[in-house]
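Student: I should like to request a close look at a single part of this structure. Please describe one helix and what surrounds it.

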Amino acid sequence: RYQNLRIRFFVADKSTVPGIGQPAPRTQQPTTRTVKDIAEIDSSTPPRPELHDLTVAEAIDTKKPTLVAFAVGFVTILVCWINHHCVYGYVREADNGLLWVNGLQLALVSIVPFPTAVLAEHVTGGSNDRRTALMLYGLLFWLIATSFWGLWRYVTRRGLADVSIDPERSRGMGFNYGMSSVWTVLCLLVAAVSVYPALAMWAVMFLVFAFPASFAKFTGTRRG
């Protein structure tokens with residue numbers, strides 16, 4: 001019955017399925033620019049074409065300043081936590097005043113997302129806006145640096161810290177926290193004239209704060 005039946009097969013020159021060990025093909029995300037009818041990519045009623053104007057890659061690219069600011073804000077909070085932990089490694093007692101000093105630091109850290117958001121919004125803007133945003137962030141940095149200097153002086157002057165645990169390192173911490181406050185003021189003055197040298201100066205201080213114990217040991221040994 002089917003002896004004379006002819007069946008045609010169309011064979012592709014190259015398989016669309018990757019072989020073992022081959023990279024997966026790149027996906028193509030359709031947008032309103034690449035489809036004729038929005039219904040092809042949006043089944044909602046009514047369709048919302050504004051959700052399909054950009055691909056995921058394009059959306060991420062337009063928000064790069066925000067992502068960078070988020071990373072900077074997170075690292076800033078992390079560095080504050082590292083220094084807080086480093087200081088409290090020497091604390092053996094606490095009083096009501098220490099709780100208030102600690103609360104002040106908590107307030108400053110909670111403000112970090114605000115100047116980072118302003119910096120993200122204006123980092124690619126005009127030079128005046130960029131400078132103002134950077135100085136706002138730098139002002140918060142100065143307050144945080146000064147708060148750590150105040151915290152260290154409070155616990156050492158009140159006898160709440162046992163500096164005999166590591167005299168050289170504790171001596172270096174007192175010096176570094178004091179200098180960080182002065183250094184940040186210099187950064188603000190430089191930022192009023194030129195942004196990029198101020199960024200380099202802040203990066204140096206950020207490095208010192210990121211490894212407080214190591215730099216305190218180095219400074220304390222040199223000053224001893």
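Tutor: The following account concerns helix 7 and its surroundings. This is a predicted model, in which local features need pLDDT of at least 70, side-chain atom pairs count only at pLDDT 80 or more, and totals for chains, interfaces and linings use all residues. Residues are numbered from 1 along each chain as its sequence is written, and side-chain values use heavy atoms, with hydrogens and water left out.

Helices here are DSSP runs of H or I, at least four residues, numbered from the N terminus. Helix 7 comprises the 16 residues 195-210, and its end C-alpha atoms lie 22 Å apart, in agreement with the 22 Å expected at 1.5 Å a residue; the expected span is 1.5 Å times one less than the number of residues. Its buried residues (under 20% relative accessible area, 1.4 Å probe, protein chains only) are V195, A198, M201, W202, M205, F206 and F209. These residues cover an arc of only 145° around the axis, which means that they lie on the same side of helix 7; the arc is that of the directions from the helix axis to the C-beta atoms.

The cover over these buried residues includes helix 2 (64-88), helix 5 (127-157), helix 6 (167-191) and helix 8 (212-223). In helix 2, V75, T76, V79, I82 and N83 contact F206, F209 and A210 of helix 7, contact meaning heavy atoms within 4.5 Å. The axes of helix 2 and helix 7, lines fitted to C-alpha atoms over the stretch in contact, come within 9 Å and cross at roughly 45°. Helix 2 and helix 7 are therefore oblique to each other, a class that holds angles outside those under 35 degrees, over 145, and 65 to 115.

Methods
Helix = DSSP H or I, 4+ residues; strand = E, 2+ residues; numbered from the N terminus. Buried < 20%, exposed > 50% of the residue type's maximum accessible area, 1.4 Å probe, protein only. Axes fitted to C-alpha atoms, helices over the stretch in contact; angles between N-to-C directions.
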